[in-house]
Amino acid sequence: MKLELGYIQIKDIVFGNESKISNGVLTVDKAPIEALAKEDERIKSVTLDIAKPGESVRITPVKDVIEPRCKVEGDCDIFPGTIGSVKMAGFGKTHVCKGMAVVTAGKIVGFQEGIIDMQGPGADYTPFSKLLNLVCVFEPVDGLKQHDYEEAVRFAGFKIAKYIGELSKDVKPDTTETFEVCNFKENMEKFKGLPRVGYVHMLQSQGLLHDTYVYGVDAKKILPTLMYPTEVFDGAIVSGNCVSACDKNPTYVHMNNPVVVDLFKQHGKTINFCAHIITNENVYLADKQRSSNFTAKLCEMLALDAVIITEEGFGNPDADLIMNCTKIEKKGIKTVLVTDEYAGRDGGSQSLADADPLGNACVTAGNANEVIVLPKLDKVIGTLDYVNKIAGGNENSMRADGTIEIEIQAITGATSEVGFGKLTATY
Amino acid sequence: MVKEIERAGIPVVHMCTITPISLTVGANRIVPTIAIPHPLGNPALDKAEEKKLRRHLVEKALKALETHVDGQVVFDK
């Protein structure tokens with residue numbers, strides 16, 4: 001089975017009277033987008049804006065970042081089970097609007113969402129400063145509860161991204177890339193002799209707006225299961241997070257998961273990338289035990305030689321990470337862990353809440369407590385009301401001269417635990 | 001905190017949900033609780049049932065405090 005991604009490079013975004021993509025320029029008519037958002041009676045209004053790389057613009061509080069895509073061939077719609085019908089994703093043809101994103105914003109929790117700077121040192125920490133961003137700031141109706149507001153904004157974001165994606169349906173892609181997957185038997189025969197490598201993909205599922213959805217199912221309700229690695233490219237996994245923005249995977253990151261992409265690059269050459277296992281990070285100990293048991297069992301059943309495990313978030317999910325690591329290692333399967341660190345502002349404290357000597361191969365995505373000073377920027381999309389309370393901020397974060405002293409924890413995607421960022425370290 | 005209080009000669013029971021972390025950090029008497037967002041309660045229960053649950057957890061912790069241990073013990077029975 002194959003999935004072909006057709007990339008349409010978006011070079012500019014402008015507002016106009018008719019939504020279309022022409023010569024790489026996306027023209028957006030605001031009216032149909034506002035109408036889409038207001039299909040949900042929980043949304044009072046949406047304000048649209050455009051933020052471009054290098055502009056003196058700060059976007060906050062950022063909820064999600066989404067890449068517009070469109071199914072051209074294949075069974076499913078984009079975001080299957082979430083806004084599309086519940087059909088299997090990951091094969092056929094999909095068009096991708098490259099170089100841009102739909103960014104959803106609003107003061108849902110306020111102190112938990114993130115910051116995207118389009119210019120300056122903050123821009124270096126977020127991968128989304130390099131994109132043309134269509135920013136949608138949502139206002140809820142009066143008295144709406146936070147979890148309803150979150151759900152309304154989540155769905156509105158997907159609908160808008162789908163709407164933009166569909167404008168690319170008849171556009172000829174600038175480039176294409178094909179990802180091929182096969183069944184277990186074919187895989188065993190075709191790639192005999194290559195090390196069998198799996199990806200254990202931990203999904204944030206702590207609840208209370210720390211959530212991820214798989215084909216529309218709340219990930220806290222799943223048992224670990226197997227995916228074709230191409231399924232994420234069609235939006236099979238989406239974010240419902242409104243928490244410390246540095247290390248939660250926005251939907252954009254799920255759709256472009258760099259671990260999946262890079263494993264595909266080596267597939268059939270140096271490794272046999274034969275399993276994409278998803279698991280969760282729940283708040284009950286029995287759930288953590290059960291899910292890590294199942295993850296290790298699946299790795300064993302698939303006769304894997306090695307796995308890469310990525311965490312999402314920090315704190316108690318560190319316990320899930322270590323359980324996954326130790327149980328898989330005890331099956332005789334090598335593990336590499338990808339995580340980030342909360343090692344204090346000086347980097348001197350213990351990095352993770354849990355540890356084990358079997359976790360002896362670990363990649364860090366950076367120390368989220370690292371402090372940065374963000375300059376005053378000319379324009380704010382959203383509001384700065386929450387900067388002093390945001391996770392990573394303090395009562396002195398917002399300074400009199402308009403600069404912000406803050407931990408990189410507050411910057412969307414700064415310490416991405418799937419490596420969707422620029423922070424690197426040499427050992 | 002658990003370790004510092006014990007260092008002062010006062011026995012401690014650590015009531016927590018993620019007992020593996022408690023084991024890693026070195027608590028000696030560990031009583032498992034309900035869930036991270038609500039360690040000592042359960043909003044799914046009605047008031048009377050929840051009170052019973054809470055009393056049970058506290059009694060279990062007091063019992064653990066009286067129990068002699070050699071090394072780390074999770075009171076999960």
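Biologist: What is the order of the strands in the open sheet of six strands in chain A?

Modeller: The order is E16-E18-E13-E19-E20-E21, with mixed pairing. Please keep in mind that this is a predicted model: local features need pLDDT of at least 70, side-chain atom pairs count only at pLDDT 80 or more, and totals for chains, interfaces and linings use all residues. Residues are numbered from 1 along each chain as its sequence is written, and chains are lettered from A and ligands numbered from 1 in the order in which they are written.

Biologist: What makes something a strand or a helix here?

Modeller: Both are DSSP runs numbered from the N terminus, with at least four residues (H or I) for a helix and at least two (E) for a strand. On that basis chain A has eight helices and 24 strands.

Biologist: Why is chain A called as compact as a globular protein of its length?

Modeller: The radius of gyration, taken over C-alpha atoms, is set against the globule rule, 2.2 Å times the number of residues to the power 0.38. For 427 residues the rule gives 22 Å and chain A has 21 Å, which is close, so the description fits. The C-alpha trace spans about 55 × 50 × 40 Å along its principal axes.

Biologist: Back to the open sheet of six strands: how do you know which strands of chain A stand at the edges?

Modeller: Two strands pair if DSSP finds at least two bridges between them. In the order E16-E18-E13-E19-E20-E21, strand E16 (225-227) and strand E21 (362-367) of chain A each have a single partner strand, so one side of each lacks a neighbour in the sheet. On average, neighbouring strands are turned by 20° against each other, direction ignored.

Biologist: How do you know that E16(A) pairs with strand E18 of chain A?

Modeller: Three bridges join E16(A) to E18(A) (residues 272-281), and the two run antiparallel. One bridge couples A:Thr225 with A:Ile278 in E18(A). Helix H7 (residues 285-301) of chain A packs on this sheet, touching E13, E16, E18 and E19 of chain A, and its direction makes about 170° with that of E18(A). Helix H8 (residues 317-329) of chain A lies across E13, E18, E19 and E20 of chain A, at about 170° to E20(A).

Biologist: Why is E6(A) called largely enclosed by the rest of the structure?

Modeller: A residue is buried if 20 or more other C-beta atoms, placed from the backbone, lie within 10 Å of its own, exposed if 12 or fewer do, and partly exposed in between. In E6(A), 10 of the 10 residues are buried, so the strand is largely enclosed. Across the 427 residues of chain A, 56% count as buried.

Biologist: Which way does E6(A) (residues 57-66) run relative to E10(A), parallel or antiparallel?

Modeller: Antiparallel, with three bridges; A:Ile59 stands opposite A:Ile116 in E10(A). E10(A) (residues 114-117) is covered on both faces, with A:Gly114 and A:Ile116 buried on one side and A:Ile115 and A:Asp117 on the other. E6(A) also runs parallel to strand E23 (residues 379-382) of chain A, through four bridges, and A:Thr60 has A:Gly382 as its bridge partner there. Four more bridges link E6(A) to strand E9 (residues 100-105) of chain A, which run antiparallel.

Biologist: What makes the crossing of H1(A) and H3(A) right-handed or left-handed?

Modeller: A crossing is left-handed if the near helix is turned anticlockwise from the far one by less than a right angle, and right-handed if clockwise. H1(A) passes H3(A) in a right-handed crossing. Helix H1 (residues 30-38) and helix H3 (residues 146-166) of chain A pack at about 145°, with axes 9 Å apart. Axes are lines fitted to C-alpha atoms, for helices over the stretch in contact, and angles run from 0 to 180 degrees between N-to-C directions.

Biologist: How many residues of chain A are in contact with chain B?

Modeller: Contact requires C-beta atoms, placed from the backbone, within 7 Å. By that test, 11 residues of chain A meet 10 residues of chain B. The chain A side has eight nonpolar, two polar and one charged residues, where Ala, Val, Leu, Ile, Met, Phe, Trp, Tyr, Cys and Pro count as nonpolar, Asp, Glu, Lys and Arg as charged, and the others, Gly among them, as polar.

Key. Contact = placed C-beta atoms within 7 Å.
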